[in-house]
Amino acid sequence: MIELTVNPDGKLEFYQHTPSPIVYLDNWALKDIALDSSLAHRLIEAIKRRSGTLALSWLNFVELSGLGDSRQFQVVASLLESVTPHIAFLNLIPQAVINQENELLKGASTIGPHLDRDLLRVFAYFRRQSLNPLSVSEFLLGLRDPACGIIRESSRKFMENLYPLLVQIRKKIATSLKYEARAKAAPKGPEIPRLTRYIYQDAARHLARNRIIMTSNHWRDFFHMVVPLAYCNYVLLDRTWATIAKEILGRIKKSGFQAETSAVFSPKELPKFWISLEDPAYNPVLISHTPPADDRCGG
């Protein structure tokens, strides 16, 4: 959730935290739900009624801002506007999240490792025409404006950080192809509160085991999957990546890890998603994520 306070200097301060349930939607799900007004209302009401969080990422914003269909763009913007302030920004760079988890484990940080501080900063300092400092629709619209330099620059930096990570994964895949036993091995390591590193490791090994040829769309799906599996309660992915996600989580659980992970749904499993989201007693996974602290910026 994004909230506002006024600091001692009289200036606005933005901060975010992630009350459960945390929902992460791949962009097909955001678009499909937004295009059906009854489903959009259902999602907004379920999240608000349960005081939950819709997690959003740079990939969401970058992809959605590029929608060529004006009606799709408008209904998605309307959905995000209506669910605000029950949103938070999720960092999809696995290694960055893992680094923050390490700081948390050492006691050197109290910030939720999954929170995207850069995106919160850009959102906070974005100049809106309206008086609503939390307007997501204006923010999304700003991404389409070539004159909006700060957002364009932040998007560029995001992709710059992504590129070396892709190179790193490709190297891991090449190594795993050379040493097949390593690619087939299930993740091992100490029990920790979040399984990001193990999900990330096995996701890369999955690409190696199955010799998947990755397109740019596949890479986006890869990053829509890894961190959300470790931090969100409900994750909606397309059929292929939902299957991959369930396989990865299954291997990790068989390795003996006890930390909670997400419930994953594909398009065909939408009825189960809605029942689970709207009726906590029906949850297929018992989840009670409590992040260590909030993240704030502004002033």
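In this predicted model, A55 is buried, with a relative accessible area of 3%. The residue belongs to strand β4. Leaving aside neighbours within four places in sequence, A55 is in contact with I22, V23, Y24, N60, A88, L90 and C232. Distance along the chain and distance in space can be set side by side here: A55 and I87 are 32 residues apart in sequence, while their C-alpha atoms are 5.6 Å apart in space. The chain as a whole can be described in similar terms, since among its contacts with a separation of 6 or more, 76% come from residues 24 or more positions apart.

A55 also takes part in the lining of the largest cavity, together with T18, I22, A88, F89, L90, H114, L115 and C232. A search of the whole structure finds one cavity of 30 Å³ or more, and the volume of the largest cavity is about 30 Å³. What is the chemical character of the lining of this cavity? Seven of its residues are nonpolar, two are polar and none is charged. As background, rolling a probe the size of a water molecule over the atoms shows where empty space is left.

Following the chain onward from β4, the reader reaches S57, which is in the loop between β4 (53-56) and α3 (58-65). S57 is buried, with a relative accessible area of 0%. Not counting residues up to four places away in sequence, S57 touches Y24, L90, L92, L119 and H224. The helix that follows the loop is α3, and it is largely enclosed by the rest of the structure, because seven of its eight residues are buried. These buried residues are W58, L59, N60, F61, E63, L64 and S65.

F61 leads from this helix to the nonpolar interior. Beyond four places in sequence, F61 touches L56, L80, F89, L119, V136, F139, L140 and L143. The largest nonpolar core has 47 residues, and F61 is listed with L25, L54, L79, L80 and F273 as having the most contacts inside it. Helix α4 (residues 70-83) supplies the largest share of this core, namely seven residues. A second, separate core of 38 residues includes Y24, L90, I192 and A203.

The loops contain several points of backbone geometry. A cis peptide bond joins S20 and P21, with omega about 0°, and P21 lies in the loop between β2 (12-16) and β3 (22-25). Another cis bond runs from T84 to P85, with omega near 15°; P85 is found in the loop between α4 and β5 (87-89). In the loop between α2 (37-49) and β4 stands S51, a residue other than glycine whose phi has a positive value near 50°. Is S51 buried or partly exposed? With a relative accessible area of 40%, S51 is partly exposed.

These details belong to a chain with 13 helices and eight strands. Of its 299 residues, 51% count as buried. Confidence in the prediction must also be considered: the average pLDDT of the chain is 85, and 83% of the residues score at least 70. Over residues 285-293, pLDDT stays under 50, and the model has 29 contacts beyond four places in sequence for this stretch.

Note on methods:
Residues are numbered from 1 along each chain as its sequence is written. This is a predicted model: local features need pLDDT of at least 70, side-chain atom pairs count only at pLDDT 80 or more; totals for chains, interfaces and linings use all residues. Side-chain values use heavy atoms; hydrogens and water are left out. On a 1 Å grid over the protein atoms alone, a cavity is a set of points where a 1.4 Å probe fits but cannot get out, and a pocket is an open set with protein on both sides within 12 Å along at least five of seven lines; lining residues have an atom within 4 Å of a point. Grid points are joined across faces, edges and corners, and a volume is the space filled by probe spheres set on the points. Ala, Val, Leu, Ile, Met, Phe, Trp, Tyr, Cys and Pro count as nonpolar, Asp, Glu, Lys and Arg as charged, and the others, Gly among them, as polar. pLDDT is the predictor's confidence in each residue, from 0 to 100. Contact means heavy atoms within 4.5 Å. A nonpolar core is a set of buried Ala, Val, Leu, Ile, Met, Phe, Trp, Tyr and Cys residues joined through side-chain atoms within 4.5 Å. Buried means under 20% relative accessible area, exposed over 50%, partly exposed in between (1.4 Å probe, protein chains only). Helices (H or I, at least four residues) and strands (E, at least two) are DSSP runs, numbered from the N terminus.
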